[in-house]
Amino acid sequence: MVESVPVGRRERKKAATRTAILDAATALFLDRGFDAVTVREIADKADVTPKTVFTHFPHKEALVFSDEGERHERLIAAVRDRAPGTSVSDALKAHYLAEIAALTTEPQSQILALMNGTPSLIDYAEKMWLRHEDALIATLTEEFGLDEPSEEIRFYVRFALQIQLMAARAADPESSVAAGFRFLDQGWAHHSEGQRCYAENQRVDS
């Protein structure tokens, strides 16, 4: 009779293997750069097979963004669980700034430097971030009691997610986030009117 392995032990073994792979990949990436390291080298350092690496991480890039699931949950929770009276934009502003601030702490700052020096990682990170769009749309659609998302919700979410991408690269993220949501909340009509007034004043002064 074959003794079955308790689920708890199996899950602990999988978690330990995942951690070993991540630790090996991180050490190699930070030492030699993302592009210079192969999956075979990561597998050898973690004492597993390349197949095992891909079982836990479907793409090499996923080894750098192993917390993507947690980031997704934090984003949705920031909107879904915001305090009464807090607007969606204010909740997202606070969340974005907290996430960007976390990137300045170790070891995240090293990972950020690695990403900024690797175009393929920047592209992967942006694609992964925009994959949160459907879930955020669904959250707002449910909040407003709609059967289907409105066009306004779809546009709002698409543009709101872009604000974080731009702010993460800005010299002053707080100012960038504030400007992005101010523009989004007030709308283009208000902004373009202000620009026309500014241009007219410039012509008068000249």
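**Exercise 1. Find which residue forms a salt bridge with Arg 74, and place the pair in the fold.**

Step 1. In this predicted model, Arg 74 forms a salt bridge with Glu 99, and their closest N and O atoms are 2.9 Å apart; the term stands for a side-chain nitrogen of Lys or Arg within 4 Å of a carboxyl oxygen of Asp or Glu.

Step 2. Arg 74 belongs to helix α4 and Glu 99 to helix α5, so the pair ties together parts that are 25 residues apart in sequence. Helices here are DSSP runs (H or I, at least four residues), strands are likewise DSSP runs (E, at least two), and both are numbered from the N terminus.

Step 3. Arg 74 has 35% relative accessibility and therefore counts as partly exposed, while Glu 99, at 14%, counts as buried. Buried means under 20% relative accessible area, exposed means over 50%, and partly exposed lies in between (1.4 Å probe, protein chains only).

Step 4. Salt bridges that share partners join Arg 74 and Glu 99 with Glu 68 and Arg 71 into one network.

Before going on, note that residues are numbered from 1 along each chain as its sequence is written, and that side-chain values use heavy atoms, with hydrogens and water left out. Because the model is predicted, local features need pLDDT of at least 70 and side-chain atom pairs count only at pLDDT 80 or more, whereas totals for chains, interfaces and linings use all residues.

**Exercise 2. Describe the salt bridge between Arg 71 and Glu 68, and state how far apart the two residues are in helix α4.**

Step 1. The closest N and O atoms of Arg 71 and Glu 68 are 3.9 Å apart.

Step 2. Both residues lie in helix α4 (residues 68-80), and because they are three residues apart, about one helical turn separates them.

Step 3. Arg 71 counts as buried at 17% relative accessibility, and Glu 68 counts as buried at 9%.

**Exercise 3. Decide whether Arg 32 and Glu 41, which meet in a salt bridge, are buried, partly exposed or exposed.**

Step 1. The side chains of Arg 32 and Glu 41 meet at 3.2 Å, N to O, and theirs is one of the ten salt bridges found in a search of the whole structure.

Step 2. Arg 32, at 38% relative accessibility, counts as partly exposed, and Glu 41, at 28%, also counts as partly exposed.

**Exercise 4. Classify the ring pair of Tyr 96 and Phe 181, and locate both residues.**

Step 1. The structure holds five aromatic pairs; rings of Phe, Tyr and Trp (its six-membered ring) pair if their centres lie within 6.5 Å, and planes under 30 degrees apart count as stacked, over 60 as edge-to-face and the rest as tilted.

Step 2. The ring centres of Tyr 96 and Phe 181 are 5.8 Å apart and the planes stand at 40 degrees, so the pair is tilted.

Step 3. Tyr 96 lies in helix α5 (residues 88-102) and Phe 181 in helix α10 (residues 173-186), so the pair ties together parts that are 85 residues apart in sequence.

Step 4. Tyr 96 counts as buried at 0% relative accessibility, and Phe 181 counts as buried at 0%. Ring pairs link these two residues with Trp 129 into a cluster.

**Exercise 5. Summarise the chain as a whole.**

Step 1. The chain has eleven helices and zero strands.

Step 2. Of its 206 residues, 33% are buried.
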